[in-house]
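Thanks for asking me to look this one over. Please have the sequence and the model open beside you as you read.

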Amino acid sequence: MPPPTSTTTGSRRSNSIRPGPPRYSRSSSPPAAGSTDRCSRFGGPATITPVADGEQNLVEAIDLVREYRLGEERVRALDGLDLSLAGGRFVSVVGPSGAGKSTLLHLMGALDTPTSGTIRVAGVDLGSLDDAAASEFRRTTVGFVFQFFNLVPTMSAWENVALPRLLDSQSLRKAKPRAIELLERVGLGDRVDHRPSELSGGQMQRVAIARSLIMEPAILLADEPTGNLDSATGASVLELLSDVAHEGGDRLVVMVTHDPNAASVADQTITVRDGKIA
Ligand SMILES: Nc1ncnc2c1ncn2[C@@H]1O[C@H](COP(=O)(O)OP(=O)(O)OP(=O)(O)O)[C@@H](O)[C@H]1O
């Protein structure tokens with residue numbers, strides 16, 4: 001299912017990006033005293049600083065409900081779901097069609113808001129964010145990888161990777177060295193100037209993964225990332241996602257998939273059924 005449009009997104013209350021003290025803070029600046037600097041092959045200083053309140057989960061959902069209304073009809077896509085996920089893991093989400101997997105992913109990525117209940121990611125209560133704060137949260141804290149890559153066709157591979165930095169008011173050129181580093185890491189050092197139409201499906205997905213990492217996100221959300229790839233290409237993309245989870249310190253990778261083979265590559269598989277964790 002594609003991400004919800006603004007018409008399906010629930011209303012957001014006015015609030016700031018960091019309501020109350022966050023349990024995690026992330027920064028690309030030099031780490032503050034007491035923080036842990038986790039440099040990785042992907043990553044430069046991807047710093048996650050757990051605030052000492054005993055809570056270490058990167059994702060927490062409590063009694064999460066998302067109800068859609070279609071005229072008179074109500075669909076409970078999520079029906080009181082509870083979930084806790086720690087960082088540094090590759091987690092797959094499986095379940096029957098219509099179970100609520102994509103809805104859960106969209107809520108974790110602040111693409112949508114819950115009808116009731118709580119969803120906290122990296123210490124931020126996503127249900128309390130207004131649209132601007134949700135957009136800022138997505139830009140700084142979440143990486144997205146989709147089945148159909150969503151690359152800009154007129155831009156080169158490195159420009160696609162650097163694009164999120166442009167929205168960070170840095171010029172594309174300034175972000176180029178980091179974009180190229182990431183492309184080299186995903187095995188595309190010889191394709192940096194290629195446009196999407198000049199790349200294979202697997203290569204396009206690697207560009208999308210590199211792009212998802214350029215803001216050093218705490219969490220990477222992948223919706224059917226191998227759904228459009230043959231099995232060998234899919235396997236190499238899964239290996240890359242697994243590396244992303246394990247080499248970035250506390251980074252969490254959550255992947256929705258229909259493919260049991262893909263799910264089995266993850267450290268942990270959660271099954272969603274009827275809007276709950278089965
Ligand atoms: N924008 C929407 N408006 C109305 N109903 C929706 C909307 N999005 C999802 N739903 C409904 O919510 C339920 C859960 O949908 P969701 O896409 O989360 O399931 P899924 O497990 O990801 O399914 P699939 O594996 O087929 O992609 C389904 O019954 C779906 O029809």
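Here are my notes, point by point.

1. **Confidence first.** Please keep in mind that this is a predicted model. The protein chain has an average pLDDT of 82, and 80% of the residues reach at least 70. Residues 2–55 are where I would read with care: the pLDDT there is below 50, although the stretch still has 99 contacts in the model beyond near neighbours in sequence. For the complex, the predictor reports an ipTM of 0.97 and a pTM of 0.81.

2. **Overall make-up.** You will find seven helices and 13 strands in the protein chain. Of its 278 residues, 43% are buried. Taking contacts between residues at least 6 apart in sequence, 73% link residues at least 24 apart.

3. **The ligand shell.** Which residues come nearest to the ligand? They are Tyr68, Ala77, Ser97, Ser102 and Thr103, out of 15 residues around the ligand. Strand S4 (57–70), strand S5 (73–86) and helix H1 (101–108) each give two or more residues to this shell. The most come from H1, which supplies three. By character, the shell holds seven nonpolar residues, seven polar ones and one charged one.

4. **Helix H1.** Is this helix buried or exposed? Eight of the eight residues of H1 are buried, so the rest of the structure largely encloses it. The buried set includes Lys101 and His106 as well as Leu104, Leu105, Leu107 and Met108. Ser102 and Thr103 are also buried, and these two are among the residues that come nearest to the ligand. Just after H1 comes alanine 110, which has a positive phi near 55°.

5. **A closer look at leucine 107.** This residue sits in helix H1. Leucine 107 counts as buried because it has 27 C-beta neighbours inside 10 Å, and 20 are enough for that label. Setting aside neighbours within four places in sequence, leucine 107 is in contact with Leu64, Arg66, Asp112, Pro114, Ile119 and Leu126. Leucine 64 lies 43 residues away along the chain, yet its C-alpha atom is 9.5 Å from that of leucine 107.

6. **The four-strand sheet.** This open sheet has the order S5-S4-S7-S8, with antiparallel pairing. Why does one side of S5 and of S8 lack a neighbour in the sheet? S5 and strand S8 (124–125) are at the edges and each has a single partner strand, so one side of each stays without a neighbour there. S4 and strand S7 (residues 116–121) are antiparallel and joined by five bridges, with valine 65 standing opposite serine 116 in S7.

7. **The S7–S8 hairpin.** Two bridges hold the antiparallel pairing of S7 and S8. Valine 121 has valine 124 in S8 as its bridge partner. Two residues lie between the strands of this hairpin, and alanine 122 has a positive phi near 50°.

8. **The six-strand sheet.** A second open sheet to look at runs S9-S10-S11-S6-S12-S13, and its pairing is mixed. Strand S9 (142–146) and strand S13 (276–277) form the edges, each pairing on one side only. Inside this sheet, strand S10 (residues 219–223) and strand S11 (residues 252–256) are parallel partners over five bridges. One bridge places alanine 222 with methionine 255 in S11.

9. **Helix H3.** Seven of the 10 residues of helix H3 (residues 157–166) are buried, which leaves the helix mostly covered. Among them are Trp158, Glu159, Asn160 and Val161. What do the buried residues of H3 pack against? Their neighbours are helix H2 (131–141), helix H4 (172–185) and helix H5 (201–213).

10. **The nonpolar core.** The largest nonpolar core has 69 residues, and Met108, Val161, Ile219, Leu241 and Val253 have the most contacts inside it. Several of these names tie back to earlier points: Met108 is one of the buried residues of H1, and Val161 is one of those of H3. As for leucine 241, beyond neighbours within four places in sequence it is in contact with Phe90, Ala222, Pro225, Val253 and Met255. Two of those contacts, Ala222 and Met255, are the bridge partners from S10 and S11.

Methods. Residues numbered from 1 in each chain as written. Predicted model: local features only at pLDDT ≥ 70, side-chain atom pairs only at ≥ 80, totals over all residues. Buried ≥ 20, exposed ≤ 12 C-beta atoms within 10 Å, placed from the backbone. Contact = placed C-beta atoms within 7 Å. Near = placed C-beta within 6 Å. Nonpolar A, V, L, I, M, F, W, Y, C, P; charged D, E, K, R; others polar. Pairing = 2+ DSSP bridges. pLDDT = per-residue confidence, 0-100. Core = buried A, V, L, I, M, F, W, Y, C linked by C-beta atoms within 7 Å.
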